[in-house]
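User: Got a minute to go through this model with me? I'd like to know what packs where.

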Amino acid sequence: MPEVNVEINGRRYRMACEDGQETHLLGLAERFNSHIEAFKGDFGEIGDNRLTVMAGIAVLDELAEAERKIALLKQDVANLAAAGEALTREAEELERKFAKRLNEAARKVEAIATAIDETGAGPSST
């Protein structure tokens, strides 16, 4: 299992990760450390533990917001899917009605053509 060295709040930590995840772990550590550095800039040196807890809570706040947005997007997708299904049903119903009317019109045209043939009113062959 590979190991990487990450730096959080000026301290280096050796961490193990799965093969191929080294860059991802380094990126996460950099992102977490940026929260700590931001809090240092805002509040000064208020203690390592407090900075770490504040950064952890900030990351969880971002996660909660992302989860909320994902839930809203899932609802939007569900609403769009339902609307799409309703439109599909409506289009199928319209197609069925159109086919029925087209068949009725074809029968009427055929009946008229038959009536014309039977009356001999068709074009004369000269």
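Analyst: Sure, here is a short run through the helices, the core and the rings.

Analyst: This is a predicted model, where local features need pLDDT of at least 70, side-chain atom pairs count only at pLDDT 80 or more, and totals for chains, interfaces and linings use all residues. Residues are numbered from 1 along each chain as its sequence is written, and side-chain values use heavy atoms, with hydrogens and water left out.

User: How many residues does helix 2 have?

Analyst: Helix 2 has 72, residues 48–119, and spans 105 Å from first C-alpha to last, close to the 106 Å expected (1.5 Å times one less than its number of residues). Helices here are DSSP runs of H or I, at least four residues, and strands are runs of E, at least two, numbered from the N terminus.

User: Which of its residues are buried?

Analyst: Leu51, Ala55 and Ala58 are, buried being under 20% relative accessible area, exposed over 50%, partly exposed in between (1.4 Å probe, protein chains only). The buried residues of helix 2 pack against helix 1 (22–43).

User: And what does Ala58 touch?

Analyst: His35 and Phe39, leaving out residues up to four places away in sequence; contact means heavy atoms within 4.5 Å.

User: Switching topic: how many aromatic pairs are there?

Analyst: One turns up in a search of the whole structure. The ring centres of Phe39 and Phe43 are 6.0 Å apart with planes at 20°, so they're stacked (pairs need centres within 6.5 Å; under 30 degrees is stacked, over 60 edge-to-face, the rest tilted).

User: Is Phe43 buried or partly exposed?

Analyst: Phe43 is partly exposed at 47%, while Phe39 is buried at 17%.
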